[in-house]
Amino acid sequence: NPSPTMIWTALGAVYLIWGSTYLAIRFTVATMPPFLSASARFIVSGAFLYFWRRAAGDPQPTRIEFRNAVIIGVFLLVGGNGGVVWAAQYIPSSLSALLVATVPLWMLLFDFIRPGGERPSPKALSGLLIGFCGAALLIGWSASGATTNSLHGALAVVIASFLWAIGSIYGKTSKLPASPLVTTGIE
């Protein structure tokens with residue numbers, strides 16, 4: 001069993017790395033068009049990852065596996081990340097990071113309503129309700145003295161989170177390449 005120190009260190013690393021991603025996006029969009037910066041980042045890293053894993057012997061994905069990975073990539077990267085990078089022009093990175101925390105709420109909801117999905121427990125439903133109320137409070141709080149653009153930015157991040165959740169749930173049951181790294185490269 002990992003020690004409490006290791007658990008807190010890992011959690012701190014996730015908070016620092018994940019949270020700083022939004023700050024880095026904010027700095028990047030100050031000097032570069034948002035979709036150009038995001039697409040360059042993902043095309044270069046995705047191509048490298050895909051060709052590296054194929055050269056290492058991972059099997060060629062089938063047409064269906066490739067299609068499913070592309071669909072997931074459109075939801076996650078074009079819709080999810082694209083919405084976040086666009087919104088970074090108008091809202092603080094801290095608000096963006098907090099609003100992206102709605103992804104698990106959307107995932108719980110989508111997994112519940114999809115055919116064959118899992119029914120959440122009453123405890124999970126309570127958490128879902130509290131989480132959505134929190135997101136609404138964050139948007140309402142940011143609305144005080146906010147410009148139309150900042151409200152649009154906050155809404156874009158919520159929609160981006162919604163799209164990220166759809167892509168994640170779609171990926172749960174889709175036929176994908178055997179190698180998760182090939183899947184990620186395709187996405």
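**Exercises: two pockets and a helix face**

In this predicted model, α2 gives the largest share of the lining of the largest pocket, 11 residues.

**Exercise 1.** Describe the largest pocket: its volume, its lining and the elements behind that lining.

*Solution.*
- Step 1. Take the volume: about 450 Å³.
- Step 2. Take the lining: 24 residues. S39, F42, I43, L77 and E187 lie nearest the centre of the pocket.
- Step 3. Assign elements. Those giving two or more residues to this lining are α2 (34–55), α3 (63–87) and α8 (180–186).
- Step 4. Sort by class. The lining divides into 15 nonpolar, eight polar and one charged residues.

**Exercise 2.** Do the same for the second largest pocket.

*Solution.*
- Step 1. The volume is about 280 Å³.
- Step 2. The lining has 16 residues. Nearest the centre of this pocket lie W18, Y22, N81, V100 and W164.
- Step 3. Two or more lining residues come from each of α1 (4–29), α2, α3, α5 (103–113) and α7 (148–173).
- Step 4. By class, 11 lining residues are nonpolar, four are polar and one is charged.

**Exercise 3.** Which residues of helix α4 are buried, and why do they fall on the same side of α4?

*Solution.*
- Step 1. Locate the helix: α4 spans residues 93–100.
- Step 2. Apply the cut-off: buried means under 20% relative accessible area. S93, L95, S96, L99 and V100 are buried.
- Step 3. Check the directions. These residues cover an arc of only 160 degrees around the axis, so they sit on the same side of α4.
- Step 4. Recall the general rule. An α-helix has 3.6 residues a turn, so residues three or four places apart point the same way.

Terms used. Residues numbered from 1 in each chain as written. Predicted model: local features only at pLDDT ≥ 70, side-chain atom pairs only at ≥ 80, totals over all residues. Heavy atoms only, no water. 1 Å grid on protein atoms, 1.4 Å probe; cavity = no way out; pocket = protein on both sides within 12 Å on 5 of 7 lines; lining within 4 Å. Points joined across faces, edges and corners; volume = space filled by probe spheres on them. Helix = DSSP H or I, 4+ residues; strand = E, 2+ residues; numbered from the N terminus. Nonpolar A, V, L, I, M, F, W, Y, C, P; charged D, E, K, R; others polar. Buried < 20%, exposed > 50% of the residue type's maximum accessible area, 1.4 Å probe, protein only. Arc of directions from axis to C-beta.
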